[in-house]
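Please open the structure in your viewer and keep the selection tool at hand. The tour proceeds by selections, each followed by a short account of what is found there.

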Amino acid sequence: MSAVGGISAPLTSPTGKSAAGLPAGGINPPAPASPDGGAPARPDLAPHPGFVLLAGGQGNGQFALASAELFDPASNVFAAASSMQDAREDHTATVLPSGKILVAGGEGASGRALSSAELYDPVSGKFSAVAAKMDSARAEHSATLISGCNCPADGKVLIAGGTSATGSLGSTLRSAELYDPATGKFTATGAMKATRARHSATLLASGPLAGNVLIAGGTSDESGGDVATAELYDPTTGQFTSTGTMSTPRENHSATFLSPSVVSGALVGNVLVAGGGDVSAPSDTAEVFNPQTAAFSPVGTMSAARTLQAAVLLSNGKVLIAGGQSSDTDFLQSAELFDPAHATFAATGSMHNLHAGATATVLENGSALIAGGRSNFADLYDPTAGTFSATGKMVTDVAESTSTLIR
């Protein structure tokens, strides 16, 4: 996932001064956006590649935030960005083919699920409301950019499941819908086989199921708790079908596509599913989904039981799994690496900060940014050294935000 474009307005620090390494003023007037939400009409605007946008989330007082901030890897600092139109937590952020970022749903300031959505334009550095509403208000849902199906759904965003209420987890949803950047509208698509919230959704970017989306686990009020079932969304038919079942019911787990672009060996093209579960009893198990067989199989155990961890595929082909919770009161600084070539987990450097409900984003230099999750500071992981270093202080202490690399 990536975005293109740049910021044409100055980025300021919380003190009001220009943040180090950022432009002191606009480099060009904002480019007029095309009416279909596509690429801007002016291609000559200089972008600020490599920035990371963090948007919304839950603040210290357990309320939804409208604020957003940008991390600049060159200066290692965070700076305030334009705020969203609506306060949101447990929302989604998806990079569109145009480079704009679709922010959808979530729990709002009123404590209710939202049906609204908005777009972040990296060129203007601002959020604007999407005129159309989602078919259903939803939080704790998933959003996946469809790509590689060679069908009309390519470039659309699949939004699936979630909950229609908040806090105590109200009605979990089986409905799904598609956002079309060309029209700016949401339309209903086939319903899932089970209601789900806090599940994972992973695009299968290669292999026999290329373009399909794997939906796994989550919690469901139909079954009264976490589920082990999984299903596949086929964008050519617009329908979900049941697929293999995981060995362990999971919610708030991580799911990582082992991309052939950086991974080699028997597990290439598989999806690594790890940890998850209720915070009172998270799992240390892991398994992989094989698109060739449409089945899950165990793949070792992590060094620690984790839920609400951050996970990301590194450019060296290994998966970094960091932080999370091991119980109601135990927050983790530890991290580990999954090596697909040997199907093993191994401990790596410890973070400087506690992170649960954080995001993980690979930067252009190959480092991974772990941000949010009840910490004012983020951590940078260096895959070559296997160590973490602290960053500058974040503008807001936040959890359950979204994190997106801008290119």
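The tour begins with the whole chain and then turns to a sheet, a disulfide and two loops.

**The whole chain**

Display the chain in cartoon form, bearing in mind that this is a predicted model. The secondary structure comprises 30 strands and 0 helices. Now colour the chain by burial: of its 407 residues, 58% count as buried. If a surface is drawn, its accessible area comes to about 14900 Å², and carbon and sulfur atoms contribute 52% of that area. As for contacts, consider those in the chain with a separation of 6 or more: 51% of them involve residues 24 or more positions apart.

**An open sheet of four strands**

Next, select strands 12, 13, 16 and 17. These 4 strands form an open sheet in the order 12-13-16-17, with antiparallel pairing. Which strands stand at the edges of this sheet? They are strand 12, residues 200-203, and strand 17, residues 239-242. Each has a single partner strand, so one side of each is left without a neighbour in the sheet. Rotate the view to see the turn between neighbouring strands of this sheet, which is 25 degrees on average, direction ignored.

Keep strand 12 selected and add residues 213-216, which make up strand 13. The two strands pair in the antiparallel sense over 4 bridges. To locate one particular bridge, select Leu203 and look across to strand 13, where its partner is Val213.

**The disulfide**

Select Cys149 and Cys151 and show their side chains. The structure holds 1 disulfide, and these residues are joined by it, with an S to S distance of 2.1 Å. The angle about the S-S bond is -80 degrees, and the link is left-handed. Are the two cysteines buried or exposed? The relative accessible area of Cys149 is 11%, so Cys149 is buried under the 20% cut-off. Cys151 also counts as buried, at 13% relative accessibility.

**Two residues with positive phi**

Move to Asn252, in the loop between strand 17 and strand 18, the latter spanning 254-257. The phi angle of Asn252 is near 50 degrees, a positive value in a residue other than glycine. Asn252 is partly exposed, with a relative accessible area of 24%.

Finally, select Glu400. Where does Glu400 lie? Glu400 is in the loop that links strand 29 (387-398) and strand 30 (402-405). Its phi is positive, near 55 degrees, and this residue too is other than glycine. With a relative accessible area of 21%, Glu400 is partly exposed.

Key:
Residues numbered from 1 in each chain as written. Predicted model: local features only at pLDDT ≥ 70, side-chain atom pairs only at ≥ 80, totals over all residues. Heavy atoms only, no water. Pairing = 2+ DSSP bridges. Axes fitted to C-alpha atoms, helices over the stretch in contact; angles between N-to-C directions. Buried < 20%, exposed > 50% of the residue type's maximum accessible area, 1.4 Å probe, protein only. Contact = heavy atoms within 4.5 Å. Areas by Shrake-Rupley, 256 points an atom, 1.4 Å probe, with all protein chains shown as cover. Disulfide = S-S within 2.5 Å.
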